[in-house]
Amino acid sequence: MENIIKKLPSYFEGYYANDNKLPLEITNVEYFLPHFKNLKNMNQTMFISISKERRVFVNKGKDVSWTDGNEQIKDIGNRLGLIVTEKVIPHLLNETPQFIVDNTWEFMLSFSEMIRNQYNNAVVAITGSVGKSSTRLMISHLLEEELVLENRGNHNVRFAMPLYLSKLVNKPDICALEVSINALNSYDSGNMTKIIKPSIAIVTSVGEAHMSSFRDLSSVARMKSNIFEGLTDGGTAIINRDMDEEAFTIVEKAARLKTENILTYSINNQSADVYIKNVVHKKYIDEVKIQFFEKEYTYQLQTASLGMVSNSLASLLALHVLGKPIETYLNRFVDYRSLPKIMEKTQLKTQLETVFLLVDDSHNAAVPSMINAIDYGESIAEQFSGKKIFVIGQIMDLGRITADIHQKMIEKLLDSDYDYIFGYGGHLKQIFIDNQENTRLSWFENVEELRDIILKTITNDSLVILKGSVTGGNFSSLGMKIKKSTFLV
(Lines give C-alpha, C1' and ligand atoms only; values in the text may rest on other atoms or scores of the structure.)
Protein backbone atom coordinates (compact mmCIF):
# COMPACT_ATOMS: atom_id res chain seq x y z
CA MET A 1 0.00 0.00 0.00
CA GLU A 2 1.66 3.19 -1.15
CA ASN A 3 2.30 6.19 1.08
CA ILE A 4 0.03 8.77 -0.48
CA ILE A 5 0.49 11.65 1.98
CA LYS A 6 2.74 13.69 -0.31
CA LYS A 7 0.42 12.93 -3.22
CA LEU A 8 -2.84 14.09 -1.58
CA PRO A 9 -3.12 17.20 -3.80
CA SER A 10 -2.84 14.92 -6.85
CA TYR A 11 -5.59 12.59 -5.67
CA PHE A 12 -8.03 15.00 -4.03
CA GLU A 13 -9.25 18.55 -4.51
CA GLY A 14 -7.38 20.47 -1.84
CA TYR A 15 -4.03 22.02 -0.97
CA TYR A 16 -1.44 21.98 1.78
CA ALA A 17 -1.42 25.15 3.88
CA ASN A 18 2.01 23.93 4.96
CA ASP A 19 3.80 20.75 4.04
CA ASN A 20 7.28 21.26 5.45
CA LYS A 21 6.81 18.67 8.22
CA LEU A 22 4.91 15.92 6.46
CA PRO A 23 5.18 12.60 8.30
CA LEU A 24 7.08 9.80 6.60
CA GLU A 25 4.12 7.53 7.15
CA ILE A 26 0.48 7.65 8.26
CA THR A 27 -0.58 4.53 10.17
CA ASN A 28 -3.82 5.77 11.76
CA VAL A 29 -6.82 7.99 11.04
CA GLU A 30 -9.13 9.58 13.64
CA TYR A 31 -11.88 12.20 13.85
CA PHE A 32 -12.87 12.20 17.52
CA LEU A 33 -10.70 13.42 20.41
CA PRO A 34 -11.81 10.83 23.04
CA HIS A 35 -10.34 8.13 20.79
CA PHE A 36 -6.92 9.68 21.36
CA LYS A 37 -6.76 8.23 24.86
CA ASN A 38 -3.74 5.91 25.06
CA LEU A 39 -2.94 6.63 21.41
CA LYS A 40 0.73 5.81 20.90
CA ASN A 41 1.21 6.91 17.29
CA MET A 42 -0.12 10.46 17.29
CA ASN A 43 2.75 11.67 15.11
CA GLN A 44 1.64 9.14 12.49
CA THR A 45 -2.08 9.94 12.83
CA MET A 46 -4.11 11.87 10.29
CA PHE A 47 -6.94 13.77 11.98
CA ILE A 48 -9.94 14.52 9.77
CA SER A 49 -11.66 17.55 11.24
CA ILE A 50 -15.43 17.13 10.97
CA SER A 51 -17.49 20.24 11.62
CA LYS A 52 -20.85 20.23 13.39
CA GLU A 53 -22.47 21.02 10.04
CA ARG A 54 -20.99 17.92 8.40
CA ARG A 55 -21.85 15.71 11.36
CA VAL A 56 -25.49 16.84 11.32
CA PHE A 57 -25.63 16.19 7.58
CA VAL A 58 -24.50 12.59 8.03
CA ASN A 59 -27.18 12.29 10.72
CA LYS A 60 -29.81 13.14 8.09
CA GLY A 61 -30.15 16.71 9.34
CA LYS A 62 -31.02 15.70 12.90
CA ASP A 63 -29.13 17.52 15.62
CA VAL A 64 -26.34 15.59 17.29
CA SER A 65 -23.93 16.39 20.09
CA TRP A 66 -20.66 17.18 18.34
CA THR A 67 -17.74 19.55 18.86
CA ASP A 68 -16.12 21.02 15.77
CA GLY A 69 -13.00 19.04 14.91
CA ASN A 70 -10.72 22.09 14.88
CA GLU A 71 -11.89 22.87 18.39
CA GLN A 72 -11.38 19.28 19.52
CA ILE A 73 -7.67 19.31 18.74
CA LYS A 74 -6.79 22.89 19.68
CA ASP A 75 -4.56 21.72 22.54
CA ILE A 76 -3.02 18.60 21.01
CA GLY A 77 -2.90 19.43 17.30
CA ASN A 78 0.85 20.06 17.42
CA ARG A 79 1.40 16.37 18.23
CA LEU A 80 -0.47 15.07 15.17
CA GLY A 81 1.10 13.92 11.93
CA LEU A 82 -1.44 15.59 9.64
CA ILE A 83 -4.69 17.52 9.89
CA VAL A 84 -7.33 17.52 7.15
CA THR A 85 -9.64 20.49 7.65
CA GLU A 86 -11.93 22.91 5.85
CA LYS A 87 -10.51 25.89 7.74
CA VAL A 88 -6.88 26.61 8.45
CA ILE A 89 -5.95 26.41 12.13
CA PRO A 90 -3.64 29.45 12.39
CA HIS A 91 -1.86 28.65 15.66
CA LEU A 92 -0.80 25.26 14.29
CA LEU A 93 0.47 26.44 10.91
CA ASN A 94 4.11 26.14 11.96
CA GLU A 95 3.52 22.98 13.97
CA THR A 96 1.46 20.49 11.97
CA PRO A 97 0.84 20.03 8.23
CA GLN A 98 -2.71 20.95 7.24
CA PHE A 99 -4.46 19.75 4.10
CA ILE A 100 -7.37 22.06 3.25
CA VAL A 101 -10.46 20.69 1.51
CA ASP A 102 -13.97 21.98 0.82
CA ASN A 103 -15.76 19.12 2.58
CA THR A 104 -14.02 16.80 5.06
CA TRP A 105 -16.84 14.23 5.03
CA GLU A 106 -16.57 13.85 1.25
CA PHE A 107 -12.79 13.72 1.59
CA MET A 108 -13.03 10.89 4.12
CA LEU A 109 -15.38 8.94 1.86
CA SER A 110 -13.00 9.28 -1.07
CA PHE A 111 -9.90 8.60 1.01
CA SER A 112 -11.40 5.46 2.56
CA GLU A 113 -12.43 4.17 -0.85
CA MET A 114 -8.92 4.68 -2.18
CA ILE A 115 -7.31 2.91 0.78
CA ARG A 116 -9.80 0.04 0.55
CA ASN A 117 -8.97 -0.42 -3.14
CA GLN A 118 -5.28 -0.76 -2.22
CA TYR A 119 -5.95 -3.31 0.54
CA ASN A 120 -5.61 -6.94 -0.55
CA ASN A 121 -6.43 -8.91 2.60
CA ALA A 122 -9.85 -10.22 3.62
CA VAL A 123 -12.67 -7.88 4.66
CA VAL A 124 -15.60 -9.34 6.62
CA ALA A 125 -18.83 -7.33 6.90
CA ILE A 126 -21.53 -8.44 9.34
CA THR A 127 -25.09 -7.22 9.73
CA GLY A 128 -28.22 -8.48 11.45
CA SER A 129 -31.00 -7.44 13.80
CA VAL A 130 -29.06 -9.20 16.58
CA GLY A 131 -25.76 -11.02 16.75
CA LYS A 132 -23.52 -8.79 14.64
CA SER A 133 -21.41 -7.50 17.56
CA SER A 134 -20.91 -10.92 19.11
CA THR A 135 -20.05 -12.52 15.76
CA ARG A 136 -17.51 -9.83 14.96
CA LEU A 137 -15.98 -10.07 18.43
CA MET A 138 -15.77 -13.85 18.15
CA ILE A 139 -13.91 -13.59 14.86
CA SER A 140 -11.37 -11.15 16.33
CA HIS A 141 -11.05 -13.27 19.49
CA LEU A 142 -10.40 -16.46 17.56
CA LEU A 143 -7.82 -14.61 15.45
CA GLU A 144 -6.19 -12.97 18.46
CA GLU A 145 -2.68 -13.67 17.16
CA GLU A 146 -3.34 -11.62 14.04
CA LEU A 147 -3.82 -7.88 13.63
CA VAL A 148 -7.60 -7.50 13.20
CA LEU A 149 -9.09 -4.12 12.37
CA GLU A 150 -12.58 -3.94 13.88
CA ASN A 151 -15.18 -1.53 15.24
CA ARG A 152 -14.73 0.14 18.59
CA GLY A 153 -17.52 -1.16 20.80
CA ASN A 154 -20.58 -1.28 18.56
CA HIS A 155 -19.67 1.84 16.59
CA ASN A 156 -21.31 0.53 13.41
CA VAL A 157 -23.30 3.37 11.84
CA ARG A 158 -22.83 5.17 8.52
CA PHE A 159 -20.54 7.78 10.09
CA ALA A 160 -18.19 5.04 11.31
CA MET A 161 -17.60 3.07 8.12
CA PRO A 162 -15.24 5.40 6.21
CA LEU A 163 -13.23 5.96 9.40
CA TYR A 164 -12.48 2.26 9.82
CA LEU A 165 -11.76 1.78 6.13
CA SER A 166 -9.32 4.69 6.32
CA LYS A 167 -7.56 2.82 9.14
CA LEU A 168 -6.58 0.18 6.60
CA VAL A 169 -3.51 2.38 6.11
CA ASN A 170 -2.10 0.36 9.03
CA LYS A 171 -2.19 -2.79 6.87
CA PRO A 172 -4.01 -5.17 9.25
CA ASP A 173 -4.08 -8.92 8.60
CA ILE A 174 -7.86 -8.85 8.35
CA CYS A 175 -10.69 -6.34 8.63
CA ALA A 176 -13.92 -7.37 10.39
CA LEU A 177 -16.68 -4.77 10.57
CA GLU A 178 -20.20 -4.95 11.91
CA VAL A 179 -22.51 -2.79 9.83
CA SER A 180 -25.78 -1.33 11.12
CA ILE A 181 -28.87 -0.91 8.99
CA ASN A 182 -28.13 2.83 9.14
CA ALA A 183 -25.09 2.24 6.92
CA LEU A 184 -26.97 0.15 4.36
CA ASN A 185 -29.47 2.72 3.14
CA SER A 186 -29.22 4.95 0.05
CA TYR A 187 -28.70 8.25 1.88
CA ASP A 188 -25.87 10.56 0.83
CA SER A 189 -23.20 8.41 -0.89
CA GLY A 190 -25.39 5.30 -0.82
CA ASN A 191 -24.94 1.83 0.62
CA MET A 192 -21.65 1.78 2.52
CA THR A 193 -20.87 -1.81 1.58
CA LYS A 194 -20.07 -0.54 -1.90
CA ILE A 195 -17.09 1.14 -0.23
CA ILE A 196 -16.44 -1.65 2.28
CA LYS A 197 -16.32 -4.23 -0.55
CA PRO A 198 -16.42 -7.26 1.74
CA SER A 199 -14.92 -10.54 0.62
CA ILE A 200 -17.16 -12.21 3.22
CA ALA A 201 -20.63 -10.84 4.04
CA ILE A 202 -22.65 -12.26 6.95
CA VAL A 203 -26.32 -11.80 7.84
CA THR A 204 -26.83 -13.03 11.40
CA SER A 205 -30.58 -12.43 11.70
CA VAL A 206 -33.66 -10.58 10.51
CA GLY A 207 -36.03 -9.83 13.35
CA GLU A 208 -38.46 -7.35 14.81
CA ALA A 209 -36.08 -4.45 15.14
CA HIS A 210 -36.28 -1.03 13.43
CA MET A 211 -40.02 -1.56 13.01
CA SER A 212 -40.70 2.11 13.60
CA SER A 213 -38.97 2.67 10.24
CA PHE A 214 -40.06 -0.43 8.28
CA ARG A 215 -43.45 -1.92 7.43
CA ASP A 216 -42.63 -5.55 8.11
CA LEU A 217 -39.92 -8.20 8.37
CA SER A 218 -39.65 -8.42 4.60
CA SER A 219 -38.70 -4.76 4.45
CA VAL A 220 -36.02 -5.30 7.10
CA ALA A 221 -34.76 -8.34 5.17
CA ARG A 222 -34.43 -6.34 1.97
CA MET A 223 -32.46 -3.64 3.74
CA LYS A 224 -30.17 -6.14 5.48
CA SER A 225 -29.62 -7.82 2.09
CA ASN A 226 -27.94 -4.64 0.88
CA ILE A 227 -24.78 -5.91 2.57
CA PHE A 228 -24.24 -8.15 -0.46
CA GLU A 229 -24.24 -5.26 -2.96
CA GLY A 230 -20.57 -4.54 -2.32
CA LEU A 231 -19.44 -8.17 -2.23
CA THR A 232 -16.22 -8.67 -4.17
CA ASP A 233 -15.99 -11.02 -7.14
CA GLY A 234 -15.68 -14.56 -5.82
CA GLY A 235 -16.79 -13.40 -2.37
CA THR A 236 -18.78 -15.52 0.06
CA ALA A 237 -22.19 -14.92 1.66
CA ILE A 238 -22.88 -16.50 5.06
CA ILE A 239 -26.54 -16.57 6.12
CA ASN A 240 -28.37 -17.69 9.25
CA ARG A 241 -30.89 -20.31 8.10
CA ASP A 242 -33.09 -19.78 11.18
CA MET A 243 -34.70 -16.50 10.19
CA ASP A 244 -38.31 -16.25 9.03
CA GLU A 245 -38.73 -18.25 5.81
CA GLU A 246 -39.79 -15.29 3.68
CA ALA A 247 -36.96 -13.17 5.10
CA PHE A 248 -34.45 -15.95 4.38
CA THR A 249 -35.69 -16.24 0.80
CA ILE A 250 -35.20 -12.50 0.30
CA VAL A 251 -31.71 -12.53 1.81
CA GLU A 252 -30.56 -15.62 -0.09
CA LYS A 253 -31.89 -14.29 -3.40
CA ALA A 254 -29.99 -11.04 -2.91
CA ALA A 255 -26.81 -12.97 -2.11
CA ARG A 256 -27.23 -15.16 -5.19
CA LEU A 257 -27.30 -12.08 -7.42
CA LYS A 258 -23.72 -11.41 -6.34
CA THR A 259 -22.14 -14.82 -5.75
CA GLU A 260 -22.54 -18.56 -6.02
CA ASN A 261 -20.60 -19.01 -2.80
CA ILE A 262 -23.36 -19.15 -0.17
CA LEU A 263 -22.98 -20.94 3.17
CA THR A 264 -25.68 -21.36 5.80
CA TYR A 265 -25.77 -22.18 9.50
CA SER A 266 -28.56 -23.10 11.87
CA ILE A 267 -29.47 -24.03 15.40
CA ASN A 268 -31.26 -27.21 14.31
CA ASN A 269 -31.95 -27.16 10.57
CA GLN A 270 -29.91 -30.04 9.20
CA SER A 271 -30.18 -28.74 5.64
CA ALA A 272 -27.70 -26.01 6.63
CA ASP A 273 -23.98 -26.47 6.02
CA VAL A 274 -23.32 -26.11 9.74
CA TYR A 275 -25.74 -26.80 12.59
CA ILE A 276 -25.91 -27.59 16.30
CA LYS A 277 -26.15 -31.23 17.30
CA ASN A 278 -26.33 -30.74 21.05
CA VAL A 279 -25.80 -28.21 23.83
CA VAL A 280 -25.18 -29.36 27.39
CA HIS A 281 -25.98 -26.52 29.80
CA LYS A 282 -23.92 -26.44 32.96
CA LYS A 283 -23.98 -23.83 35.67
CA TYR A 284 -21.15 -21.60 34.55
CA ILE A 285 -19.95 -23.14 31.30
CA ASP A 286 -21.68 -24.99 28.49
CA GLU A 287 -20.57 -27.64 26.00
CA VAL A 288 -21.52 -27.37 22.35
CA LYS A 289 -21.43 -30.13 19.74
CA ILE A 290 -21.82 -29.09 16.11
CA GLN A 291 -21.94 -30.64 12.67
CA PHE A 292 -19.51 -28.71 10.49
CA PHE A 293 -20.00 -29.98 6.94
CA GLU A 294 -18.92 -33.65 7.20
CA LYS A 295 -17.20 -33.36 10.60
CA GLU A 296 -18.30 -33.12 14.22
CA TYR A 297 -16.67 -30.73 16.66
CA THR A 298 -17.13 -29.96 20.35
CA TYR A 299 -16.17 -26.79 22.22
CA GLN A 300 -17.10 -24.83 25.33
CA LEU A 301 -18.67 -21.40 25.80
CA GLN A 302 -19.12 -19.36 28.97
CA THR A 303 -22.66 -18.48 27.90
CA ALA A 304 -24.07 -20.96 25.43
CA SER A 305 -27.42 -19.36 24.80
CA LEU A 306 -28.70 -20.51 21.44
CA GLY A 307 -28.13 -17.02 20.11
CA MET A 308 -24.50 -17.06 21.22
CA VAL A 309 -23.97 -20.55 19.80
CA SER A 310 -25.51 -19.42 16.53
CA ASN A 311 -23.02 -16.54 16.42
CA SER A 312 -20.17 -18.97 17.04
CA LEU A 313 -21.24 -20.96 13.97
CA ALA A 314 -21.10 -17.80 11.84
CA SER A 315 -17.62 -16.98 13.13
CA LEU A 316 -16.38 -20.51 12.44
CA LEU A 317 -17.72 -20.36 8.90
CA ALA A 318 -15.86 -17.07 8.41
CA LEU A 319 -12.61 -18.71 9.55
CA HIS A 320 -13.32 -21.64 7.24
CA VAL A 321 -13.69 -19.30 4.27
CA LEU A 322 -10.46 -17.59 5.30
CA GLY A 323 -8.74 -20.96 4.97
CA LYS A 324 -8.18 -21.47 8.70
CA PRO A 325 -8.23 -25.01 10.15
CA ILE A 326 -11.05 -24.42 12.61
CA GLU A 327 -10.15 -27.35 14.88
CA THR A 328 -7.08 -25.39 16.02
CA TYR A 329 -9.26 -22.48 17.15
CA LEU A 330 -12.09 -24.24 18.99
CA ASN A 331 -10.45 -24.21 22.42
CA ARG A 332 -10.34 -20.41 22.30
CA PHE A 333 -14.12 -20.13 22.64
CA VAL A 334 -13.96 -20.94 26.36
CA ASP A 335 -12.20 -17.61 27.00
CA TYR A 336 -14.49 -15.55 24.79
CA ARG A 337 -16.13 -12.47 26.31
CA SER A 338 -18.55 -10.28 24.40
CA LEU A 339 -19.13 -6.56 24.95
CA PRO A 340 -20.17 -5.57 28.47
CA LYS A 341 -23.85 -6.28 29.14
CA ILE A 342 -24.14 -8.90 26.42
CA MET A 343 -24.96 -12.12 28.28
CA GLU A 344 -22.40 -11.00 30.85
CA LYS A 345 -22.19 -13.46 33.75
CA THR A 346 -21.08 -12.31 37.20
CA GLN A 347 -21.24 -14.34 40.41
CA LEU A 348 -22.07 -12.04 43.33
CA LYS A 349 -22.88 -12.18 47.01
CA THR A 350 -24.73 -9.83 49.33
CA GLN A 351 -23.66 -8.58 52.75
CA LEU A 352 -25.66 -11.49 54.17
CA GLU A 353 -23.51 -13.90 52.14
CA THR A 354 -26.35 -14.73 49.74
CA VAL A 355 -24.69 -15.93 46.52
CA PHE A 356 -26.37 -15.48 43.13
CA LEU A 357 -25.54 -15.36 39.44
CA LEU A 358 -26.29 -12.14 37.54
CA VAL A 359 -26.67 -12.43 33.77
CA ASP A 360 -26.69 -8.88 32.41
CA ASP A 361 -27.97 -8.74 28.83
CA SER A 362 -29.01 -5.08 28.87
CA HIS A 363 -26.66 -3.97 26.09
CA ASN A 364 -29.68 -3.75 23.83
CA ALA A 365 -32.87 -5.59 22.94
CA ALA A 366 -34.61 -6.78 19.84
CA VAL A 367 -37.28 -9.46 19.78
CA PRO A 368 -34.93 -12.35 18.84
CA SER A 369 -32.45 -11.43 21.58
CA MET A 370 -35.25 -11.06 24.14
CA ILE A 371 -36.51 -14.55 23.30
CA ASN A 372 -32.93 -15.81 23.43
CA ALA A 373 -32.41 -14.41 26.95
CA ILE A 374 -35.69 -15.88 28.23
CA ASP A 375 -34.90 -19.28 26.77
CA TYR A 376 -31.32 -19.28 28.01
CA GLY A 377 -32.41 -18.57 31.57
CA GLU A 378 -34.83 -21.47 31.41
CA SER A 379 -32.15 -23.78 30.02
CA ILE A 380 -29.89 -23.30 33.06
CA ALA A 381 -32.57 -22.68 35.72
CA GLU A 382 -32.54 -26.22 37.06
CA GLN A 383 -28.87 -25.75 37.96
CA PHE A 384 -29.88 -23.17 40.60
CA SER A 385 -31.63 -24.05 43.85
CA GLY A 386 -32.57 -20.45 44.68
CA LYS A 387 -35.18 -18.09 43.23
CA LYS A 388 -35.16 -17.45 39.49
CA ILE A 389 -35.83 -13.83 38.55
CA PHE A 390 -36.23 -12.32 35.07
CA VAL A 391 -36.09 -8.53 34.86
CA ILE A 392 -37.54 -7.31 31.57
CA GLY A 393 -36.98 -3.82 30.20
CA GLN A 394 -38.81 -2.44 27.22
CA ILE A 395 -37.90 -3.12 23.60
CA MET A 396 -37.49 0.06 21.60
CA ASP A 397 -37.95 0.92 17.90
CA LEU A 398 -40.97 -1.36 17.36
CA GLY A 399 -43.34 1.27 16.02
CA ARG A 400 -46.97 0.20 15.65
CA ILE A 401 -46.33 -3.34 16.94
CA THR A 402 -44.90 -2.14 20.28
CA ALA A 403 -47.85 -3.14 22.49
CA ASP A 404 -48.39 -6.47 20.75
CA ILE A 405 -44.75 -7.54 21.01
CA HIS A 406 -44.46 -6.63 24.69
CA GLN A 407 -47.66 -8.53 25.43
CA LYS A 408 -46.22 -11.61 23.72
CA MET A 409 -42.99 -11.35 25.69
CA ILE A 410 -44.90 -11.24 28.99
CA GLU A 411 -47.01 -14.20 27.92
CA LYS A 412 -43.84 -16.13 27.15
CA LEU A 413 -42.42 -15.27 30.56
CA LEU A 414 -45.62 -16.30 32.30
CA ASP A 415 -45.38 -19.67 30.55
CA SER A 416 -41.86 -20.08 31.91
CA ASP A 417 -40.64 -21.32 35.28
CA TYR A 418 -39.27 -17.99 36.51
CA ASP A 419 -40.36 -17.37 40.11
CA TYR A 420 -40.58 -13.60 39.63
CA ILE A 421 -40.90 -11.32 36.62
CA PHE A 422 -39.99 -7.70 37.28
CA GLY A 423 -40.69 -5.02 34.67
CA TYR A 424 -39.36 -1.56 33.86
CA GLY A 425 -40.24 0.95 31.14
CA GLY A 426 -43.34 2.73 29.91
CA HIS A 427 -44.15 0.21 27.17
CA LEU A 428 -44.63 -2.47 29.83
CA LYS A 429 -46.52 -0.56 32.48
CA GLN A 430 -50.09 -1.16 31.28
CA ILE A 431 -49.46 -4.87 30.74
CA PHE A 432 -48.31 -5.25 34.33
CA ILE A 433 -51.28 -3.21 35.57
CA ASP A 434 -53.64 -5.46 33.63
CA ASN A 435 -52.05 -8.51 35.29
CA GLN A 436 -51.56 -7.06 38.77
CA GLU A 437 -53.39 -9.99 40.38
CA ASN A 438 -50.51 -12.25 39.32
CA THR A 439 -48.07 -12.27 42.25
CA ARG A 440 -45.15 -13.22 39.98
CA LEU A 441 -45.39 -9.88 38.17
CA SER A 442 -44.23 -6.49 39.49
CA TRP A 443 -43.54 -3.26 37.57
CA PHE A 444 -41.22 -0.53 38.88
CA GLU A 445 -40.87 3.19 38.28
CA ASN A 446 -37.08 3.36 38.63
CA VAL A 447 -34.01 1.16 38.64
CA GLU A 448 -33.20 1.91 42.28
CA GLU A 449 -36.47 0.28 43.33
CA LEU A 450 -35.71 -2.60 41.01
CA ARG A 451 -32.27 -3.12 42.52
CA ASP A 452 -33.70 -3.09 46.04
CA ILE A 453 -36.44 -5.61 45.29
CA ILE A 454 -34.02 -7.93 43.51
CA LEU A 455 -31.63 -7.97 46.47
CA LYS A 456 -34.55 -8.44 48.83
CA THR A 457 -36.06 -11.30 46.82
CA ILE A 458 -33.03 -13.44 45.99
CA THR A 459 -32.18 -16.50 48.01
CA ASN A 460 -28.90 -18.36 48.07
CA ASP A 461 -27.96 -19.80 44.65
CA SER A 462 -30.42 -17.57 42.78
CA LEU A 463 -30.39 -16.70 39.09
CA VAL A 464 -31.11 -13.11 37.99
CA ILE A 465 -31.38 -12.17 34.31
CA LEU A 466 -31.57 -8.56 33.08
CA LYS A 467 -32.80 -7.95 29.53
CA GLY A 468 -33.93 -4.71 27.91
CA SER A 469 -33.00 -1.86 25.57
CA VAL A 470 -30.19 0.52 26.37
CA THR A 471 -32.27 3.38 24.92
CA GLY A 472 -35.52 4.84 26.22
CA GLY A 473 -34.46 4.92 29.87
CA ASN A 474 -31.65 3.92 32.19
CA PHE A 475 -32.37 0.20 32.39
CA SER A 476 -28.78 -0.58 31.38
CA SER A 477 -27.52 1.00 34.61
CA LEU A 478 -29.30 -1.63 36.72
CA GLY A 479 -26.52 -4.21 36.48
CA MET A 480 -23.91 -1.79 37.76
CA LYS A 481 -26.18 -0.66 40.59
CA ILE A 482 -26.59 -4.29 41.65
CA LYS A 483 -22.83 -4.86 41.49
CA LYS A 484 -22.11 -1.76 43.56
CA SER A 485 -24.45 -3.06 46.26
CA THR A 486 -22.86 -6.52 46.35
CA PHE A 487 -19.47 -8.22 46.22
CA LEU A 488 -17.72 -10.42 43.69
CA VAL A 489 -17.50 -14.06 44.69
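A charge is said to sit over a ring if NZ of Lys or CZ of Arg is within 6 Å of the ring centre and within 35 degrees of the ring normal. With that in mind, look at arginine 55: its charged end sits over the ring of tryptophan 66, 5.9 Å from the ring's centre. Lysine 283 offers another example, lying over the face of phenylalanine 384 at 5.1 Å from the ring centre. Please remember as you explore that this is a predicted model.

Rings can also pair with each other. A pair of aromatic rings is described by the distance of the centres and the angle of the planes. The count here comes to 19 aromatic pairs. One of them joins phenylalanine 12 and phenylalanine 107, an edge-to-face pair with 5.0 Å from centre to centre and 65 degrees between the planes. Phenylalanine 12 lies in the loop between α1 and β1, while phenylalanine 107 belongs to helix α4, so this pair ties together parts that are 95 residues apart in sequence. Phenylalanine 107 also pairs with phenylalanine 99; here the centres are 6.1 Å apart and the planes are at 50 degrees, so the pair is tilted. Are these three residues buried or exposed? Phenylalanine 12 is buried, at 10% relative accessible area, phenylalanine 107 is buried at 4%, and phenylalanine 99 is buried at 0%. Ring pairs link them with Tyr11, Tyr16 and Phe111 into a cluster.

Now travel along the chain to helix α14, residues 447-457. Its buried residues are Val447, Leu450, Arg451, Ile454 and Thr457. Seen down the helix axis, they fall within an arc of 140 degrees, so they line one face of α14. What covers them includes the strands β17, β18, β19 and β20, as well as helix α15. At the start of α14, a side-chain oxygen of asparagine 446 reaches to within 3.1 Å of the backbone nitrogen of glutamate 448.

Thr457 of this helix is among the residues touched by lysine 387, along with Asp419, Tyr420, Thr459, Ser462 and Leu463. Lysine 387 sits in the loop between α11 and β17 and is partly exposed, with a relative accessible area of 31%. Its C-alpha atom is separated by 7.6 Å from that of aspartate 461, although the two residues are 74 residues apart along the chain.

Finally, find serine 362 in the loop between β16 and α11. Serine 362 is buried, with a relative accessible area of 1%. Its side chain makes a polar contact of 2.5 Å with the side chain of aspartate 360. Farther along the sequence, serine 362 is in contact with residues including Leu466, Gly468 and Phe475.

Note on methods: Residues are numbered from 1 along each chain as its sequence is written. This is a predicted model: local features need pLDDT of at least 70, side-chain atom pairs count only at pLDDT 80 or more; totals for chains, interfaces and linings use all residues. Side-chain values use heavy atoms; hydrogens and water are left out. Helices (H or I, at least four residues) and strands (E, at least two) are DSSP runs, numbered from the N terminus. Buried means under 20% relative accessible area, exposed over 50%, partly exposed in between (1.4 Å probe, protein chains only). A polar contact is a pair of N or O atoms within 3.5 Å; within protein, one must be able to donate a hydrogen and the other to accept it, and residues adjacent in sequence count only if both atoms are side-chain atoms. Contact means heavy atoms within 4.5 Å. The arc is that of the directions from the helix axis to the C-beta atoms. Rings of Phe, Tyr and Trp (its six-membered ring) pair if their centres lie within 6.5 Å; planes under 30 degrees apart count as stacked, over 60 as edge-to-face and the rest as tilted. Lists of a residue's contacts leave out its neighbours within four places in sequence.
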